[in-house]
Amino acid sequence: MRRTVNIPACCPHEDCGKSLLNNEVQVGRRPSVHLIVEKGKKRGDIYLSSWYDDFRCVEPDELHLLPGDKVKFYCPYCGKELPFVEKCACKAPMVALGIEGNGSVRICTRIGCHYHSLEFGNTAELIAFMSKVKKAKS
Ligand SMILES: [Zn+2]
Ligand SMILES: [Zn+2]
């Protein structure tokens with residue numbers, strides 16, 4: 001078993017805040033994180049792994065996503081684009097996803113740039129999240 005955490009991602013927009021976890025499409029035997037991805041003028045459903053630091057995902061075939069492509073991500077419920085946070089080291093924009101009840105994670109919008117990994121903004125947030133997970137279990 002991988003020793004990592006599973007992230008309950010949700011929409012970062014306050015008036016929506018819906019859980020993005022999808023039980024029908026699983027990645028790594030856990031519900032995936034469902035988002036709408038847009039490349040050019042086409043949109044499709046993308047399902048990211050909800051495991052922290054796991055880069056697997058289920059991509060929409062019809063978009064032919066290639067490494068280096070820049071894409072946009074939208075919430076599948078409210079339809080709003082995920083908010084820009086900062087520029088990634090690769091110069092593409094990074095956008096934020098919410099975590100239920102606790103902070104946010106960011107993803108890069110460039111395909112192949114760990115864009116589908118869930119990364120915490122800083123180590124303090126990760127430690128806070130980990131201790132919360134532990135408390136919930138005990
Ligand atoms: Zn939303
Ligand atoms: Zn990047």
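1. In this predicted model, the hairpin of β2 and β3 has two residues between the strands, and G28 takes a positive phi near 65 degrees there. The strands on either side of that turn, β2 (residues 21–27) and β3 (residues 30–39), run antiparallel and are joined by four bridges. Within β2 and β3, Q26 is found opposite P31 of β3.

2. Strand β3 is also part of a hairpin with β4, where two residues lie between the strands and G40 takes a positive phi near 60 degrees. The pairing of β3 with β4 (residues 42–48) is antiparallel and extends over seven bridges, and V33 stands opposite L48 of β4.

3. A further partner of β3 deserves mention, namely β6 (residues 72–74), to which β3 is joined by three bridges in an antiparallel arrangement. On this side of the description, E38 has K72 in β6 as its bridge partner.

4. What is the phi of K91 in the hairpin of β7 and β8? This hairpin has five residues between the strands, and K91 takes a positive phi near 80 degrees. The two strands, β7 (residues 84–87) and β8 (residues 93–99), run antiparallel with three bridges joining them, and the bridge partner of E86 in β8 is M94.

5. For a reader inspecting these strands by eye, the general expectation is that side chains in a regular strand alternate between the two faces of the sheet.

Note on methods
Residues numbered from 1 in each chain as written. Chains lettered and ligands numbered in written order. Predicted model: local features only at pLDDT ≥ 70, side-chain atom pairs only at ≥ 80, totals over all residues. Pairing = 2+ DSSP bridges.
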